[in-house]
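Here is a short set of exercises to work through with the model open beside you. Try each task before you read its solution.

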Amino acid sequence: MAGLKCLEGAQGDVNRDYDVIIVGGGPAALAAAVYTCRALLKTVIFEKQYLGGQLVGTDLIENYPGFPEVISGVDLIQRMEAQAKRFGVEVRYEEVLKLQVENGLKIVTTDSGTYGSHAVILAAGAEPKKMNVPGEKEFYGRGVSYCATCDGAFYRGKDVVVVGGGDSAITEGIFLTKYANTIQIIHRRDAFRATKIYLDEAFSNPKIKIVLNTVVESIHGQEKVEGVVVQNMVTNEKRDIPCQGVFIFIGSVPNTGFLGNLLCVDVGCHIETNIHMETSIEGLYAVGDIRKNSYRQIATAIGEGVTAAIAAEHRLAELRALGKIK
Ligand code: NDP
């Protein structure tokens, strides 16, 4: 099927070449594309940077079914990309700036054009949450990092701190032991969200020290990071931890800015969907880290992408049967 043309309304210079538009290029998007393309729906992915999303910054993956040996995020995404491209997905490196809905048609405005489709899958992912403490912004790229896989090698033989108590902080902290001399994992509580298997590994690694009930107040240095000031939440004691690197893994914030007020979103701006991954707007789906209640695993993102793709295929078939689209 080549591009379902809308019969209703006149939307000017809107490019209607695509049956399905996918916003974002992570695993959920590529999985959705495999399904929509195999259903012979002309599909485009809009990606502003590079395919893979947060997966690109993931060193080793050992919980994605089908890979009994560990696989790197880059390897896995390259396989997903090759598979989606084999079925004909088009990838356009354009940033989506706006999404509007007119007579059921979803109109996507990018930095290079305007596109319309009756099925849009939002898979724009999330970006690292910031601590918003003095020095964090100033020293970004000069000691402050949100990606151990990307920057870890710069800290060979150095002392670093990792902030957070979830799986990301613990697994990235373990990854940093390859390079850094010491890793202090600073967590604001005395209980972790992270999985026990990772915690056991971190606790037994002689390079890792766990600092509990503690928050980072500020990051300081001259040209580069030289230390962090932390405060113990129980005793209120403040102290300086000398370090050259600060790796922050305190969760993520979904990329929903381009939606404006279009969808009803929660406080953290995650998008609500039904079990078909459909939002409150018919034909508009949300999958992966952008979605409320997502488990934020590669495997669940894949499942969500596939669910949305099948739902979109059914919806387009219904619209066609009703004579609303060709
Ligand atoms: P999480 O939301 O799980 O954890 C965030 C951590 O940061 C929490 O410990 C939280 O503390 C802490 N935190 C939040 N805000 C602040 C702040 N302002 N200052 C200090 N600390 C803060 O995020 P993750 O990125 O770790 O994980 C996201 C999802 O991805 C999870 O579902 C996780 O299981 C999954 N994941 C799985 C992996 C795997 O299986 N290999 C690897 C990485 C992630 P508190 O606990 O007090 O709220």
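**Exercise 1: Two neighbours in a helix**

Leaving aside neighbours within four places in sequence, C37 is in contact (heavy atoms within 4.5 Å) with T43, F87, G88 and V89. Before going on, note that this is a predicted model, in which local features need pLDDT of at least 70, side-chain atom pairs count only at pLDDT 80 or more, and totals for chains, interfaces and linings use all residues. Residues are numbered from 1 along each chain as its sequence is written, and side-chain values use heavy atoms, with hydrogens and water left out.

Task: find the helix that holds C37, and decide whether C37 is buried or exposed.

Solution, step by step:
1. C37 lies in helix α1; helices (H or I, at least four residues) and strands (E, at least two) are DSSP runs, numbered from the N terminus.
2. Its relative accessibility is 6%, so C37 counts as buried. The cut-offs are under 20% relative accessible area for buried and over 50% for exposed, with partly exposed in between (1.4 Å probe, protein chains only).
3. V20 is 17 residues from C37 in sequence, and their C-alpha atoms are 9.1 Å apart.
4. T36 also lies in α1, which covers residues 27-38. T36 is buried, with a relative accessible area of 0%.
5. Apart from neighbours within four places in sequence, T36 is in contact with V20, L41, T43 and A309.

**Exercise 2: An enclosed helix**

Task: work out how many of the 10 residues of α4 are buried, and which elements cover them.

Solution, step by step:
1. The buried residues of α4 are A169, I170, E172, G173, I174, F175 and L176.
2. That makes seven of 10, so α4 is largely enclosed by the rest of the structure.
3. The cover includes α3 (148-151), β10 (159-163), β11 (182-186), α5 (196-203), β12 (208-211) and β16 (245-248).
4. Take F175 as an example: this residue of α4 (residues 167-176) has 7% relative accessibility and therefore counts as buried.
5. Beyond its neighbours within four places in sequence, F175 is in contact with D59, A148 and T149.
6. L60 is 115 residues from F175 in sequence, yet the two are 8.8 Å apart in space, C-alpha to C-alpha.

**Exercise 3: A hairpin**

Task: state how strands β14 and β15 run relative to each other, and which residue between them takes a positive phi.

Solution, step by step:
1. Strands β14 (residues 225-232) and β15 (residues 238-242) run antiparallel and are joined by five bridges; two strands pair if DSSP finds at least two bridges between them.
2. V230 stands opposite R239 in β15.
3. The hairpin has five residues between its strands, and N236 takes a positive phi near 70°.

**Exercise 4: The whole chain**

Task: how does the radius of gyration of the protein, with its 326 residues, agree with that of a compact globule?

Solution, step by step:
1. The protein has six helices and 18 strands.
2. A compact globule of 326 residues would have a radius of gyration near 20 Å, and the 22 Å of the protein agrees with this. The radius is taken over C-alpha atoms, and the globule rule is 2.2 Å times the number of residues to the power 0.38.
3. Along the principal axes, the C-alpha trace spans about 70 × 40 × 35 Å.
4. Buried residues make up 51% of the 326 residues.
5. Among contacts with a separation of 6 or more, 59% come from residues 24 or more positions apart.
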